[in-house]
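Got your viewer open? Load the model, switch to a cartoon view, and keep the selection box handy for a short walk around.

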Amino acid sequence: MKIIRQLEDRTGFTHNETVLAEYILAQKANVLSLSAAELAKKTYTSPAAVIRLCKRIGLSGYQEFKIRFSAELEQQASNISTIDANIPFEMDDDIQKISVKLAKLTNESLNEARAMISSMRKEFEQASDLLMKSHHCVIFGVGDAFVSGLAFQARMMRAGFKQFLTSPVYGEQRHLAQTLRKEDCAIVLSYSGSTEATLESARVLKQNHVPFIALTSNRSSELAALADIVLYLPDREKKYQRYANFSSQACMEYYLNVLYSWYFIQNYDDITKVRID
């Protein structure tokens, strides 16, 4: 999840962390010139509180915070889009306006996702390696994320990837997670990283030493902390304010399509020997 979004949401923040978040959002670029001690002095907190805030939002320390926060501010300044990913249309929009807005939102989302993939090449390769060496693989998730996972599973199986176990219906995923072992793997899908039913499965996987890949936008989520490999999604939607998930769904499917394509290339000769209808 982006820094600015986490500072706005303040999930699990202490009083001092909330004070720091409010000051950073109010001052933004001015904060970049401050040391941790100077920021603490201006907010009547402490350098230790500044570091704890950085850790809270999934960063290693204040230096990483300044680098990534600066990048976010630059991106925010250059982004002239007026499309709200949470509600990408207005009451008086006609079909033409809706189609243009959704096309623009999809293009912007995928461009951001492409840029993020370029910085996660190692993670994508590790994810592919984990899939190919596993005895079995299961996809976990709920709602639209699970649907995206099932489409990925179908593509992979048509390309000759036979390791998938049948993904269970909602409410049964935790039970299947209990049957997996360290020779297996899983793909866990959750945009927010906080869907409780999905987290239950992730905790079981971790307890049983089953390696798994997580797709989420939330860097400070429990899911990201549990996963062996995390593929971070662009963070354009607010969990409790979105009416549709056009952006996150497009990005999740895009990531899975990249994984599928990489697998296809690695096994190109074997796959293309068999005609796929």
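Is Ser217 buried or exposed? Select Ser217 and show its surface: its relative accessibility is 1%, so Ser217 counts as buried. Keep in mind as you click around that this is a predicted model.

**Stop 1: around Ser217**

Zoom out a little from Ser217 and you'll see that it sits in the loop between β3 (212-216) and α11 (222-226). Now add Tyr191 to the selection. A polar atom of the Ser217 side chain lies 2.8 Å from the backbone oxygen of Tyr191.

**Stop 2: helix α6**

Next, select residues 95-118, which make up helix α6. Try a quick ruler check here: at 1.5 Å a residue, these 24 residues should span 34 Å, and the end C-alpha atoms are 35 Å apart, which agrees.

Now go to the N-terminal end of α6 and show Asp94 as sticks. Asp94 caps that end, with a side-chain oxygen 3.2 Å from the backbone nitrogen of Gln96.

Which residues of α6 are buried? Color Lys101, Leu105, Glu108, Ser109, Glu112, Ala113, Met116 and Ile117, and you have the buried ones. Pick Leu105 out of that set: its relative accessible area is 1%, under the 20% cut-off, so Leu105 is buried. For a long ruler line, draw a distance from Leu105 to Lys41. The two are 64 residues apart along the chain, and their C-alpha atoms are separated by 41 Å.

**Stop 3: Asn86, in the loop before α6**

Step back along the chain to Asn86, in the loop between α5 (62-78) and α6. Asn86 has 8% relative accessibility, so it counts as buried. Add Glu237 to the view. Asn86 and Glu237 are 151 residues apart in sequence, yet 5.5 Å apart in space, C-alpha to C-alpha.

**Stop 4: where α7 crosses α12**

Select 121-133 for helix α7 and 246-266 for helix α12. The two helices pack at an angle of about 65 degrees, and their axes are 10 Å apart. Rotate until one helix lies in front of the other: α7 passes α12 in a right-handed crossing.

Which side chains meet there? On the α7 side, show Phe124, Glu125, Ala127, Ser128 and Met132. On the α12 side, show Tyr255, Val258, Leu259, Trp262, Tyr263 and Gln266. Color these contact residues by type and you get 8 nonpolar, 2 polar and 1 charged.

**Stop 5: Thr43 and Tyr44**

Head for helix α3, residues 36-43, and select Thr43. At 6% relative accessibility, Thr43 counts as buried. Turn on the backbone oxygens of the helix, and look at what the Thr43 side chain reaches: the backbone oxygen of Leu39 is at 2.8 Å, and a polar atom of the side chain lies 3.2 Å from the backbone oxygen of Ala40. Leaving aside residues up to four places away in sequence, Thr43 touches Val19, Leu20 and Tyr23.

Now move one click along to Tyr44, in the loop between α3 and α4 (47-56). Tyr44 counts as exposed, because its relative accessibility is 75%. Check the backbone too: Tyr44 has a positive phi of about 55 degrees, although it is not a glycine. Most residues other than glycine have a negative phi.

**Stop 6: Lys28**

There is another positive phi at Lys28: about 45 degrees, and again not a glycine. Lys28 lies in the loop between α2 (15-27) and α3. With a relative accessible area of 29%, Lys28 is partly exposed.

**Stop 7: two last picks**

Select Leu150 in helix α8, residues 143-158. Leu150 is partly exposed, with a relative accessible area of 34%. Draw a line to Val138: the two residues are 12 apart in sequence and 9.9 Å apart in space, C-alpha to C-alpha.

Finish at Gln207, in helix α10, residues 196-207. Gln207 has a relative accessible area of 61%, and that is over the 50% cut-off, so it is exposed. For a last ruler line, connect Gln207 to Leu32. They are 175 residues apart along the chain, with their C-alpha atoms separated by 40 Å.

Terms used: Residues numbered from 1 in each chain as written. Predicted model: local features only at pLDDT ≥ 70, side-chain atom pairs only at ≥ 80, totals over all residues. Heavy atoms only, no water. Helix = DSSP H or I, 4+ residues; strand = E, 2+ residues; numbered from the N terminus. Expected span 1.5 Å × (residues − 1). Buried < 20%, exposed > 50% of the residue type's maximum accessible area, 1.4 Å probe, protein only. Polar contact = N/O pair within 3.5 Å; in protein donor to acceptor, adjacent residues only side chain to side chain. Axes fitted to C-alpha atoms, helices over the stretch in contact; angles between N-to-C directions. Left-handed = near helix turned anticlockwise from the far one by under 90°. Contact = heavy atoms within 4.5 Å. Nonpolar A, V, L, I, M, F, W, Y, C, P; charged D, E, K, R; others polar.
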